[in-house]
Structures are given as C-alpha cells and as structure tokens.
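Let's take a look around the inside of a protein model and see where the empty spaces are. Keep the 3D view open as you read, and click on residues as they come up.

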Amino acid sequence: GSLKRAAKYLEDGAVSWVREKSCVNCHTTGTYLAERSAWTKQFGQPSAEVHADFVGSVPKQVAQVKESEGGGHRHYPDTFYSVWRSLGLAEWDKHRSAQTTEPTDRSLRDLFEHQSANGSFVSHGEVEIPHITTDFELTLQAARAITAAPGWLAGLNDEALLARVAKLKGWLRTAPPKNDFDRVLKLQLAHYLPELVSQSERDAALTLLSSLQHADGGWSTRDFSPVDDWHFEMSPAVLNLIKNLPDAAKPESDAYMTAFATVLLRQSKVPVADVRIQRSLAWLRREQRESGRWWMHSLYRGNYHYITYMATAQALKAFDLCGELSVVSTD
C-alpha cells in the first residue's frame, strides 16, 4: 500500500518533469534514474521515457570541455549535470541490460572531461542541499557512476581515462572533509570503493553518524554542517531561508537525512535489528504522508520542495536495504 504509493509519487514526478522541462535534474529525474531501476521486481518497469531523455542529452561526440572561472573558483560548466546523467544511465544498465551500453559509455567519457585537475568534480554556483553541496558529495556520485556501469571499470584500457580514474580515487582518499556531511559520506564511499576508506575512518564516521541521531529516532540534514559552510558559495537567499526556518536554533528530524542515515548504516553492514535502524524505520513509518511521499521543507528555496522527492526515494531505498520492499507485490 504505502510503499507502492511512494513509488507512484516518484514515477509521476519524474515523467512530468521530463514532459515539462526535459532536462536532467539531480533532484527529480537524476534521483529517479539513480534508484528506480533497482526496484523493477517490486514496482514494475522503470520509465523508458525518462531513460530516453537522458540518452538524448548525452553529447553525440565526447569533446574537450573548457574550464571556466568565477569568483576565484575554477570549475567546468555543467559538471553536476554530467555526473547525474552518467549515474542514472549506469544504474539503468546495471539493472536493465547487465552491460554498459554505448550511450552510457559516452556519458562516462564526457563525465571525465568535466574533472578538475586535482581529480575532483566541482559543483559551482548555487548550492542545492543535498546533491549539489560539497565537492566530496559530487565526486562520490561520479565514483558511484563508474562502479555501477557493468564491467566498465574492469574493461577500461584507455590510458588517459585510467589516469583520470586514478586521480579521482586519489582525491577521494585524501580530500579533507568540509563538514560532518562529508565525514559520514565516507561510509558511502567505503560501500562503493572499499579500498579508499580505512577502518578507522569508517569507525569514526559511524560513531559520528550515530551520535547525531535525535531522541525521536530521526536525523536532521542541518546538523551536518554550519549553515554558511555547505559550499564555497552560499547565496544570501539560501542563508536567509535556512536561518529563518522556525526550528533554526535546534533543527528537527527530517525525512531526507533520516532515510539517508538508514541507508548509510545498512551500507555499512549494521544489522536491521540494530536499535538505531529500528528507531529510524519507526520514525519513517510515522512520518509518511497519505500521498505516499515523505514531505520536507526545501533547504535552498522556499517554493519548490524538491527535497521531498529525494527524501521519498531515499526512504524507499532505506526500506529496501532493510528487506522491507520484498513484501511488496507487483500485482
């Protein structure tokens, strides 16, 4: 019932985005393609229309991208767009074709044209919490994309690309965390590329994540960074929005971070029976709306609450990783 409604909410949102906007968006279609194909057994086929939109947005030819500079920051234009498109296509191939298709390969090659000299992927400009926050988060999504694409890394023999992959790994291994969000993201990096995260780093990240769980069983995204330090460029509008939320002084639990923390715990092999997970699942069950979604106030704009979409996708992923999607039938 309720998990099916959540899946329908994701479906409707992604399809309407493609029809109205037709652009890859990390808060709706990017999130949809990154997660939805894993649940084909439970919720039926993912949208071929959304997939086709992504395929159509891959450059026909992989060409060098020109680095630009603004406000003293060097970056490649449309980096987050290239990362999220590649991730969605890679995950689709992983669950749908079991081999990396030509458009996905082209997208991944284009992705590396957006890599900065130090090996990272830099999201420039407006912060959009989450998914366009720290460089570590975006670079981690790039790492997820190349590990998701079936056989892509193993079959790579292009010297220049191999060097770029090595740079990516080197940066992820050594980059100093910007905030506690980056620190707990080490748990996700350890899930995708275990060799990059030491046991002591994992232990520290797990301890930190656990310490930030609220008494009600949830977590708050805003506990993971000082407001003005999510990004090297924070607009006054975003700062004012977050600082003026009614619970600004003591942020309440929110759906995105509660679901995401549960995903991180499960990706770190914490058993489902663990009290931290049981309390977070109880919070998620309590907070789901009639519509199927998990509502949440946007942390970067006061009108469109895209974070509700991402929170709903993460909640489904959390329930999936806790073995609770298997009880959903597709009839």
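## Starting at one serine

Setting aside the residues within four places of it in sequence, S86 is in contact with S107, L108, L111 and A145. Before going further, bear in mind that what you're looking at is a predicted model. You'll find S86 in helix α5.

Is S86 buried or exposed? S86 has a relative accessibility of 0%, and buried means under 20%, so S86 counts as buried. One of its contacts is worth zooming in on: the side chains of S86 and S107 are joined by a polar contact of 2.8 Å.

## The cavity

How many cavities of 30 Å³ or more turn up when the whole structure is searched? The search finds 1, and the volume of the largest cavity is about 100 Å³. Its lining is made up of 13 residues, and the ones that lie nearest the centre are H131, Q141, Q188, F260 and Q314. Try picking out those five on your screen.

Which elements give two or more residues to this lining? They are α7 (135–148), α9 (180–192), α12 (255–267) and α14 (306–321). As for the kinds of residue, the cavity lining splits into 5 nonpolar, 4 polar and 4 charged.

## The largest pocket

Now for the pockets. The largest pocket comes in at about 360 Å³. Its lining has 16 residues, with S253, D254, W295, M296 and H297 nearest the centre. Sort the lining of the largest pocket by class and you get 8 nonpolar, 2 polar and 6 charged residues.

## The second largest pocket

Next up is the second largest pocket, with a volume of about 200 Å³. Here 14 residues form the lining, and E35, A38, K94, R144 and K317 lie nearest the centre of this pocket. By class, the lining of the second largest pocket has 5 nonpolar, 3 polar and 6 charged residues.

Which elements each supply at least two residues here? The answer is α2 (29–35), α5 (79–96), α9 and α14. You've met some of these already: α5 is the helix that holds S86, while α9 and α14 are among the elements that give two or more residues to the lining of the largest cavity.

Conventions: Residues are numbered from 1 along each chain as its sequence is written. This is a predicted model: local features need pLDDT of at least 70, side-chain atom pairs count only at pLDDT 80 or more; totals for chains, interfaces and linings use all residues. Side-chain values use heavy atoms; hydrogens and water are left out. On a 1 Å grid over the protein atoms alone, a cavity is a set of points where a 1.4 Å probe fits but cannot get out, and a pocket is an open set with protein on both sides within 12 Å along at least five of seven lines; lining residues have an atom within 4 Å of a point. Grid points are joined across faces, edges and corners, and a volume is the space filled by probe spheres set on the points. Helices (H or I, at least four residues) and strands (E, at least two) are DSSP runs, numbered from the N terminus. Ala, Val, Leu, Ile, Met, Phe, Trp, Tyr, Cys and Pro count as nonpolar, Asp, Glu, Lys and Arg as charged, and the others, Gly among them, as polar. Buried means under 20% relative accessible area, exposed over 50%, partly exposed in between (1.4 Å probe, protein chains only). A polar contact is a pair of N or O atoms within 3.5 Å; within protein, one must be able to donate a hydrogen and the other to accept it, and residues adjacent in sequence count only if both atoms are side-chain atoms. Contact means heavy atoms within 4.5 Å.
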